[in-house]
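I opened this model to see how its chains are put together. These are my notes, in the order in which I looked things up.

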Amino acid sequence: MSTNTNSLDDLKSAAVDGGEVPKESQTTYTPFFKRVLAQKQGKIGLVLTIIVLLLAFCGPLLLPWATGNTATEFVAKPFSPHGLFGSDNLGRDVLSRFFAGGLTLIVYSVLATALGMILGAIIGMLAAYVGGTFDAIVMRLNDVILAVPQLVFALLAITVLGPQGWVLVTVIGVTHAPRIARVARSATLGVITEDYILAAEMYAMPRWKVLLRELLPNITGPLSVEAGLRLTYSIGYIASLSFLGLGLQPPAADWGLMINENRIALSIQPWGVLLPVIAIALLTIGTNLLADSFARATASTSVEA
Amino acid sequence: MTTETTTVRHDDANLPNEKIVLRVTDLKIATNAGDEILHGVNFALSRGEILGLVGESGSGKTTAGLACMGHFREGLKFASGSVSLWPRGDDTAVEVVELDEVAVRSLRGSRIAYIPQDPALSLNPAMRVGEQIREVLDIHKFGSSEAERSERVAAVLVDVGLSGDKAYQKRWPHQLSGGQQQRIGIAMAFAMYPDVLILDEPTTGLDVSTQAVVLDTIRQMTVANNVAGLYITHDLAVIKDISDRVAVMLRGDLVEEGPVESVLQDPQHEYTKMLMSAVPDLAGRKTIGEGAAAEPEPESKATHILVSDKEPKSEDSSEAAQALGSADSAGGAAASASAPLLQVTDVALAYGKAQILDGINLTLEPGDCTLLLGESGSGKTTLSRCVAGLNDDYSGAVALRGTELAKSTRKRTNGQRVGIQYVFQSPFSSLNPRRSIGQSLTVPLEMSGEGTAASRKAKVEEALDSVRLGRSFYHRRPGDLSGGERQRAAIARALVNEPSVLVCDEITSALDVSVQASIIGLLRALRKEHQLAMLFVTHNIALSRHIADNLAVLNKGKIVDYGPTAQVLENPQHEYTRTLIADVPKF
Amino acid sequence: MFAKVIGRRLILSAFILLAVSLIVFGATLLLPGDAARAILGQQATPERIAALNEQLGLNQPAWQRYFSWLGGLFVGDFGTSTASGGSVAELLGDRVGNSFILMAAAAIISVPLGIGLGVYQALHRGGRRDQAMTGLSLVFAAMPEFVIGIGLIAIFATSVFQILPAVTLAPPGEPVWGRPEQLILPTLTLILVVTPYIVRMMRATMIEVLDSGFVEMARLKGVPETRVIMRHAVPHALGPVAQVVAIQLAWLAGGVVVVEFLFRYPGLGQALIDAVTYRDVQVVQAISMLVAAVYVVVNLAADIVGILTNPKLRSAA
Amino acid sequence: ACGTATGSSLDAGKPVKGGTLRAGVTGGNAADTIDAHIPVNSGDIARTVNLYNCLLSRTDDYKIQPELAESFEPNGDATVWTATIREGAKFSDGRDITPDDVVFSFERINDPDDPKAAAASFTMLDKVVATGKRTVEFRLSEPNGLLNDSVSEYTTGIVPSDYDPKNPVCSGPFKLKSHDPGQSTVMERNDYYWRKDGGFLDEAAILNFNDSDALINALLSSQVDAIAQIPLALVEVIGADERMNILNSKTGMWLPFTMRVDRPPFDDVRVRQAFRLVVDRDQMIEQVLSGFGTVGNDMFGPLSENFPDFPQRKQDIPKAKKLLAEAGYPDGLEVELVTAPIQSGVVEAAQVFAQQAAEAGIRVKIRKVDATTFFGDEYLSWDFAQDFWYTRDFLPQCVSCSMDESPFNETHWDDADFTKIVQKARGIPDSADRKNLEHEAQKVLYDEGGYIIWGYANQVDAYQKYVGGLVPNATGRPLSGWRLDRVWIGKV
Ligand SMILES: Nc1ncnc2c1ncn2[C@@H]1O[C@H](COP(=O)(O)OP(=O)(O)OP(=O)(O)O)[C@@H](O)[C@H]1O
Ligand SMILES: Nc1ncnc2c1ncn2[C@@H]1O[C@H](COP(=O)(O)OP(=O)(O)OP(=O)(O)O)[C@@H](O)[C@H]1O
Ligand SMILES: [Mg+2]
Ligand SMILES: [Mg+2]
Ligand code: NI
C-alpha cells in the first residue's frame, strides 16, 4: 500500500495547492520574478498586495494627516455618520481605525507563515531524505494533526494560553507545518531521485550540505507556491479568529476585530465592517494571485504573455 | 527560415502516379504565435510501400505525420499547402485539411490510422484492451452486426500475434508488456483495414528483441493489407530495415528523399552525410566521432594534463597507506603493484526475492575499456553503482589496486573515492539545475578537501577545457546547455579529481546519434591522454567496436559472455549473445 | 489486494482517531478553569464549586477519566455534558443533524458544479471565459469565509437588498429545514468557499488528461468529442479530484464554525464555541472526535474512489 | 417612540386576558436552571422571578414591598424578625403555603453542605422557627436591621418542604410547563397565585439567544414579542421602527473599575484619587452607554434613601497628574486592566477609560479574558479590573463588597473604623435613624475607596407595541424586573 497510497497523498497535497505541481529541474533559469511579472495574474496580484501593504504600513503614519484623529480617539456617538466613513461602536472614526488596523494582521500572518514554512520544510525534507521508519512515523503524526481542524486547534490553544500575539502566530504556524511538510516531502521525493543528489552523495558531501545546497534550492518552486498560499490562509485564519473574538484584543485597531465589534450594526453603519472586509479581501486575493503566478512561473520556463 | 530549401530527390516516384494514396504538397504549419514549424513539405505515400521519415528531435516529424490525419496539436495551426487522400475504391481525392470536423473524424482510424510512439501512454489505462479496439469498430460502424465486430477484434488480435480470446481482451493495458501494448496499438490501427498508416517511432523504448518482433509484425501487416505507411524515426538502422523509401527532415524542411539504398549509400545533402557518419555499426567499419571530440570551439589549446602517469604510484599508495594504517603500508603498496587496477569478485545483489546480480567477476587494467552490455533491466546500472559505491547492498568484493573497498562511498577513503568516478546516464538530471557548472564541478575537489578556492577554480577550468567545452561554461547553468554539452560537463566533473577508473552508465543513450558520436570520440581521446580505465555500460551493442577492448554481456544478472570485443562478437558463446547480435538491425 | 489496501487504510484510520483522542483529551485537560467555575460564574464560591464537582464526577484522576471516556466512545456513549448533566449524544443530536444538512446541501451543489465548471474551463482553456472564471475562482478561493459571508449578508440581507434572512432562527421545536430560506445564505457561503478549489483541481487535471497520449489517440481513432471527454478524459480526472473534494468536505466539518457563528446557525460549530466558553470538556471532546472522524471517513472514501477509477491500483494494488 | 414607556398601555389597549408572551434573552447554556435558589444568568433570573414568590420584593422604584409575607417586622434591637404569611397564599398545586415551607426554604438556602446563592446574606441567621399558624421567626446571632432587604432578593423564593427542583411546585405567578436548557422555557399561569390584579397571560416563554444580534433580528421578524437588554448603540434605530416600543429604565446598575487598595500602585490613596479624576464621566455615558445612563459619583446605591449629595467629581487632569507626581509617578505609570465580556458595556468602558487615562500619563494595558477566566481562580484578586452589580441599597452593598468578610470584596477594602460604622448602621432598622452613620461611611468611600463608579447604566429593552403592562423598573433586571404577571398581549 505504501506506494499507491503515498502517491494518492502526494496528489492530494498537490491538489489543494493549486493543482499545478511544478517540478524544478530540466528548466532554463530565468529570474523568478521576471517570470511572475510576465503574467497578468502576477501583476494584478503584486499591485493589490502592494496597495494593501502600503496602506497597512503607511496607514498609521498617515493617520493624523489624513483623518486628523488617532485610532482610539472618540469623535462622535457610537454608530453615527461622522466623517467620511462614520464612527464605530465606541464613536471612534472608522477611517482612522482602518488606517491603523492592518499592520498587526500582516505582520502576524507573515510570522506565522514563516514559522510554518521553516518547521514544515525541515520536517518534510528530513522525512523524505531519511526515509524508512522515520518517514513513516513523521507522516503518520502529520496525519493525526491534519485530522484536527486548524480552527479547533486554534480555539483550544487560545482558550488555554490566552489570545496573545505569539499564541496566534505559534498555533497557526504549527498547524500549517504538517501541510507544508507534505508538500516539502513530495517535492523532495521528486528531486531526491535526481542523479545530482546521488552525485553529491558519491562525493560524500555532508548530509546537511546535501539538504541545504542540493535539495533546498530545487524545491524552492513548490515551497514558494506553498508559502504564498499559506500566507493567504494565515491572513484568513488570523482575521477569522479576530472575527470570532479570539484574535487581537481591544483596544487594538485590527481589521478582524473591527469586523467583530461593528458587525451588529452592519445595516446602519456598514463601513465599520465593509472597509476592513474589503481590505482583507483585496489582500488575500492579491497574495493568492501571486501564489498562483508563482506556481506557473515555477511550472514553466517560458511564460505565456 | 527565409531561404527556400530544395529537396534532393533521388528518383521521381514522388511525381503523381496511380499508386499514390496520400500526397502532401507544400505543407506549412505554424504555431499560434506565428512561428513556422514546417516550411513547405512535399512527399507522397504509395500503396504497399513504407516511407521512412528521419531527422533529429524537434525537426517536425511528428507534426508532419499528424498533419496527414488533419490533426494539429494544441498550439499549432495549419498554414498552407494540401494533404490529398485517395481512399480505397474512390477515384477522387479528398482534401484532408479542408474537411469539416465530422468528415475528418470519419477518416481517422478508418482510412488513416495512427500508431503512437509510447503505447503505455496511448492506451487508455482505464479501458480494457479489447474494448479499445472494439471502440474503433463501433465508431466507424464496421460490418453490419455486433457479432461481426467481435469477430474482427479477435481476428486482428491474432493477426498481430496476440491471443484473441475473451480473457485476453478483458485485460487492462498495464497487464501487458511494452511489446504487447504496442501490438495492441497496431491491431487498433489495422482493425478498419486503413489505406494509410502513420507510425510515430513505434519501437523507441522497446528493447532490441521486442523491437525486432514489432517491426516484423508491422512489415507483415503492411504487406498483407496493402497499406501505405509513413514510418517516423530517428534510427537509421530501423529505416534501413523496414522502409522502401526514406525522407530526411531538417528543421522543418525535407532535405533529401528517395529509395532507401540510394539515399543511405549515396547521401547528397550535407546533413544526411553527417547523419550517416555518426551511426555506429556493429561491424565497426568506420570510426564514429572522429574529430567530433574537438567539435565545440576548442577555445584554448592549453595543455590539460589531468592524470599524471605517476599518479597511481605516489598519490594513491599514500592514500592506501592512510587507509590501512602505517603498519600495513608496505603490504598495501605491494598489493597495488601486482593486483589489477579494478577487480570485481563475486558481486551479487538481490532486491527481495529478485536476484538482480549473481556472481559477477570483472577485472580492469589501466587504460582498458570494458563494455558492459545488456538489455534494459539486466542489472547494468546496479552493477556499476556497486562499483562506484552508490549501492551498498551487495555481497562480494570490489577491489581497487588490490585493496578491497568499503561498500558505501561515504565509508571509502578519500583516495579510493577519487580513484573511481561515475558518470550518470542522463545529463539532464546529473547536474544541479540551480547551480552553475563551475559550482557543480568544484564539488569533488571541495569534498576531497584539496587546494584553495583559486586552485580549485583553475582545475575546474582545465577540466572544462579537456572536455572541449571551454572556460566560458564555468558560470553557465545546466539549463542553458544542450544535452551533449551537459554530458561533457558531467564527464568533466568526473575528471577534475584525476581518477583512474571511469564508470560510464549509458552516457549516450539520451542523446542524438550525432551527439553520441562526438561523446564517443571525446572518451576515446581522453582515454589516450590520461590512461583512463573505463567501464562503459550500454545496451547498444553496435557501439562495442567503436570504443571497447573487452566486452562483457550481462543477462539476468549473470555475465554470460566475457572476452575481447572481436572474439565475443565473432564467436559468441551464449545463446543470448547470439540472438542479441542477430536482432540488431544491420546497417 | 483491494480489500487488503482498504484494510490497511482502516487500521491507519483507527490509529489516527486514537491519537486524536489522546491529543484532544490532553488539550481539554489544559483548559483553564473548570466546568463548575464556568457554570457558576460570579457566584462561584468554593463550597458551591466543590458540590458541583462532586456531582459532575470530576474528582477522578485524568487517566481513569480518559479510559472510561474512550471505552464509552466504542459503544457510542460520548459521556455526560458537564454543563447540563445531560448526555452529550442527546445534546449534540440535533446539532449534528443541522450541521450535516448545511454541509450536505453545500456538497451536493458544489461538487457537481465544480466538476462541471472545471471541465468546461479545461475545454475552453486560454479563452476569455476561462480566464474570467479562473480569475473569479482565485478570488473566491482567496477570501476567508466570513468575508464572503458578510459580503452576501450586506448584499442580500441588509444593505443592498433585503430579500433573504440574515440569521437562522428556528423557533423551539421546529427543525432548521422548516424555513429553507434561512439556509440559503449559509449554504451559498459554503458553496462559494468550497467550489473554487474543486473547479481549479478539475481544470488542472482535465488539462493534463486532455494533453495525454490516450486522449490524443482517441481523437486520432476518430472518436467523437463528447465521447472523448465523457468516456476517456473525465474518469481519469475524478481520482485526483476526489482527493480535493475530500479535503474540502473535511474542511467543511471544521470551517463551518465560522459560518455557523456568522449566521447564528444552530450546528456543531456554535456548540463548539459555547462548549469551549463554558469549559464543557465532554462536548469539546465529542465534537473534536466527530470532526476528526469526518476527516478520516471522507479521506477513506476519496482513496476508494481513487482506487476504483484506476484499474492499475484496483487490480494490482 | 423611545424614552419611557408611558404610551405603551395606549398602544396595547386595555389589559386583556389570554395569549402567550415570547420573551428573548441572550445567554443561556446547557447548565440553565429552574431551581429557585441558584439562578446565575439572566434567563435563570427570569424563571426564578416568575416561578417563585419571596416573602418581600422590590417595587418598580426599588422600595421594599410585601409579597407572600403580609408583614416582616423586627424586634427593638433587630435580633428577631417576624414574618406573617399572607392569608390564603397557595402553591401551584393548591396547597397552602405554611410556616414550615418558609422554614424549609431558608434552611435549604443556608444548607451548610450546599449553600445556595443567597446564603452569603444570611450568615447571621441563627434559626428560622415557625411560631404560629401564619408566623415565622427569624432569630439572628447579631442585630441586623437590613434583613428585610436580604429577604426581598429574588434568590429567596419560597418552595414547599417537599421541593423537587427538577419538577418544581411553584409559589410564583407562573408554573413550569417545559424547560429545555439553553433553548427555551415555557411557563403557564398559576391560578392559585394570591395576587389577583394581574395574571393576564396564559403562557410565557423565555427563549435563549446566543447574542444580541440574533435577538434583535428575532424581534424585528416578530419571532419574539419582547427582548431583554438591547445594545444601547442601537436603541435609536430600533426605536425608529414603528412596530416597536423601547422600555428605558433608569436603574442603580453599575459597572465599576475595581482597584485593590492593598496592592501597589493602588495602595496609595493618591493614585486612587488620581484615577478617579482622569475619568470623563459624561463621555463614558456618551460612548459606552450611548447616553443611556446617569453619571456616577464613585458611590454605589444611588436609589438608597440616604444617598448623599457630595460634589460631583469631574475630570481634572492637572490635579490627577499632580497627585500621581506626589505619589511618586511624575512620568505617569503603566497598569494592566483586566476586563471580560461579563456585561454589555464592560469591555467598552475599559477602552474608553484607557483612552482618557492616557491624557494623565497613565498607560492602561487592557487584558481581555473570557468570562470564565475572569470569574476563575483569580476573580476578586485582580489588581485592577472591572465588575458589574445590579441595583442595591447602600448598606447591603457594603456588606457584599466592602467589608473584611464580604464575599465579593474585590477592592480588598478593609477599614476597621468603616466596618464598625457599617455594623452599627446595620443594626438600625429605621433608615432615618441611621442617616448620619451612613453618610459617614459614604464619605470615607467617596474620598478613599477603591471603586471608580463612573455611572449607572439604564436597562433598555424593546418590545412589540401590542405588548402591554411593561413599565420602567429600577432593579436593573430587564423587562420590568421580569414581572411578567403584569404583562398582557393587546390587540394588534
Ligand atoms: N504544441 C506545440 N506548440 C508549439 N510548438 C510546438 C508544438 N508541438 C511541437 N512544437 C515544436 O515544433 C517542432 C517540431 O516538433 P515535432 O514534435 O514535430 O518534432 P519531432 O521531429 O517529432 O521530434 P521528436 O523526434 O522529438 O519526436 C519542435 O521544435 C517543437 O518545439
Ligand atoms: N531500488 C530497487 N528496488 C527494487 N528493484 C530494483 C531497484 N533498482 C533496480 N531494480 C531492479 O533491478 C533490475 C536491474 O535494474 P538496473 O537499473 O540495474 O537495469 P539496467 O540494466 O541498468 O537497465 P536500463 O537499461 O533500463 O538502465 C531491474 O529489474 C529493476 O527493476
Ligand atoms: Mg515526435
Ligand atoms: Mg540503467
Ligand atoms: Ni501497498
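**Entry 1: a span of chain B.** I began with residues 342-581 of chain B, which are 37% helix and 26% strand. The C-alpha atoms at the two ends are 28 Å apart. I took helices (H or I, at least four residues) and strands (E, at least two) as DSSP runs, numbered from the N terminus. UniProt, in an unreviewed entry, lists "domain: ABC transporter" at residues 22-276 and 342-581 of chain B. UniProt positions follow the numbering used here, feature names are shortened, and annotations may be inferred rather than shown by experiment.

**Entry 2: ground rules.** This is a predicted model, in which local features need pLDDT of at least 70 and side-chain atom pairs count only at pLDDT 80 or more, while totals for chains, interfaces and linings use all residues. Residues are numbered from 1 along each chain as its sequence is written, chains are lettered from A and ligands numbered from 1 in the order in which they are written, and side-chain values use heavy atoms, with hydrogens and water left out.

**Entry 3: confidence.** I noted an ipTM of 0.76 and a pTM of 0.78 for the complex. Next I read pLDDT, the predictor's confidence in each residue, from 0 to 100.

- Chain A has a mean pLDDT of 77, with 85% of its residues at 70 or more. Helix α1 (residues 2-16) of chain A is lowest, at a mean of 36, and helix α5 (residues 103-130) of chain A is highest, at 90. Residues 1-28 of chain A have pLDDT below 50, yet the model gives this stretch 65 contacts beyond near neighbours in sequence. I counted a contact when heavy atoms are within 4.5 Å. Residues 300-305 of chain A also stay under 50, with eleven contacts beyond four places in sequence.
- Chain B has a mean of 79, and 88% of its residues reach 70 or more. Among its elements, helix α12 (residues 311-324) of chain B has the lowest mean, 40, and strand β9 (residues 228-232) of chain B the highest, 90. Residues 292-336 of chain B stay under 50, with 47 contacts beyond four places in sequence.
- Chain D averages 87, and 98% of its residues score at least 70. Its residues 1-9 are below 50.

Where pLDDT is low, the predicted coordinates should not be read in detail.

**Entry 4: chain A against chain C.** Which residue class leads on the side of chain A that touches chain C? I found 31 nonpolar, twelve polar and eight charged residues there. Ala, Val, Leu, Ile, Met, Phe, Trp, Tyr, Cys and Pro count as nonpolar, Asp, Glu, Lys and Arg as charged, and the others, Gly among them, as polar. In all, 51 residues of chain A are in contact with 56 residues of chain C. The two chains bury about 4,900 Å² between them, 76% of it on carbon and sulfur atoms. Buried area is the accessible area (1.4 Å probe) that two parts lose on being put together, summed over both. I found zero salt bridges between chain A and chain C.

**Entry 5: annotated spans of chain A.** The UniProt record (unreviewed entry) puts "transmembrane region" at several spans of chain A, including residues 144-167 and 268-291. Residues 144-167 of chain A are 79% helix and 0% strand, with end C-alpha atoms 21 Å apart. Residues 268-291 of chain A are 88% helix and 0% strand, with ends 37 Å apart.

**Entry 6: a salt bridge.** The rule (a side-chain nitrogen of Lys or Arg within 4 Å of a carboxyl oxygen of Asp or Glu) gives 70 salt bridges over all chains. I looked up Arg385(B) with Asp195(A), whose closest N and O atoms are 3.7 Å apart. Arg385(B) sits in helix α14 (residues 380-388) of chain B and Asp195(A) in helix α9 (residues 195-202) of chain A, so the pair joins two chains.

**Entry 7: backbone.** Pro264(D) and Pro265(D) are joined by a cis peptide bond, with omega about -5 degrees. Pro265(D) is in the loop between β13 (257-259) and α7 (269-278) of chain D. Lys141(B) has a positive phi, near 50 degrees. Lys141(B) lies in the loop between α4 (129-139) and α5 (146-159) of chain B. Most residues other than glycine have a negative phi, and most peptide bonds are trans.
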